[in-house]
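Hi,

Here's the structure I promised to pass on. Have a look at it first, and my notes follow underneath.

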Amino acid sequence: WYQRRVREAVVSTQSTGSSGINAEYGDPFLPLLRECRSVVLAGGTMEPVGEVQQQLLASSSRDVTLFSCGHVIPPQNLLPITLSYGKDMELNFSFEGRKKPGTLQEVGNILLDLCQVVPGGLVCFFPSYQCLADCRSTLQKSGHLDKISKIKTLFCDEAGSKNSDGILEQYSKRVRSAKSAVGATNTGALLLSVL
């Protein structure tokens, strides 16, 4: 019942373009809030928090405690880029698009070019573990990964891995050590990960 009511309320809200829970459905979270001693909402991008509170907790009279961590990377160390085109083609990562000949090869060309000019660390996010695995396999066969490994240490997120923290720690250490290695041929690290 609960899941159905939440789904109906969300679909109704999306179809009307309104923000918040559609009054016709009541507050689908209220029964949950009444039955539970504590409710924890955890997520990577919940800003603006006030809007989340308004949408999910407006009818609750319970105390709300907010805890938020600031961004862990200094702004000057971050350059997020989304690429929709490579040198020769549009990058389409829909299921059908990534099966087209050349799509994953183009990703390899882009990563190789970036690894040659970007000092320190690079992170390349993929939409799914299957897409990452397909890309990694293609780049291994084409020789792109061998070329990249001569420039940067390669780290790869694995589906179901219990060692994600360890991979991130190793990646961070490699990036930090590359900054002090003047004249080194291996200039940092590349992390292939799932968003």
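Gly143 sits just after helix H5 and takes a positive phi of about 90°. Bear in mind that this is a predicted model.

H5 itself covers residues 129-142, and its length checks out: at 1.5 Å a residue, its 14 residues should span 20 Å, and the end C-alpha atoms are indeed 20 Å apart. Which residues of H5 are buried? They are Cys131, Leu132, Asp134, Cys135 and Leu139. Looking down the axis of H5, you'll see these buried residues fall within an arc of 165°, so they line one face of the helix. As for what they pack against, the partners are helices H4 and H6 (144-149), plus strands S1 (120-126), S2 (153-156) and S3 (188-194).

H4 is worth a look for another reason. Leu114 belongs to this helix, which runs over residues 103-117, and it joins Leu79, Ile81, Leu83 and Val117 in a nonpolar surface patch of about 500 Å². Leu114 has a relative accessibility of 31%, so it counts as partly exposed.

Now for the whole chain. It has seven helices and three strands, in the order α-α-α-α-β-α-α-β-α-β along the sequence. Of its 195 residues, 29% count as buried. The chain exposes about 13,400 Å², with carbon and sulfur atoms supplying 55% of that area. Among contacts with a separation of 6 or more, 60% come from residues 24 or more positions apart.

Shout if you have questions.

Cheers

Notes: Residues are numbered from 1 along each chain as its sequence is written. This is a predicted model: local features need pLDDT of at least 70, side-chain atom pairs count only at pLDDT 80 or more; totals for chains, interfaces and linings use all residues. Side-chain values use heavy atoms; hydrogens and water are left out. Patches are made of residues with over 30% relative accessible area and no salt bridge: like charges are joined within 9 Å, nonpolar side chains (Val, Leu, Ile, Met, Phe, Trp, Tyr) within 5 Å. Accessible areas come from the Shrake-Rupley method with a 1.4 Å probe; for residues, only the protein chains shown count as cover. A salt bridge is a side-chain nitrogen of Lys or Arg within 4 Å of a carboxyl oxygen of Asp or Glu. Helices (H or I, at least four residues) and strands (E, at least two) are DSSP runs, numbered from the N terminus. Buried means under 20% relative accessible area, exposed over 50%, partly exposed in between (1.4 Å probe, protein chains only). The expected span of a helix is 1.5 Å times one less than its number of residues. The arc is that of the directions from the helix axis to the C-beta atoms. Contact means heavy atoms within 4.5 Å.
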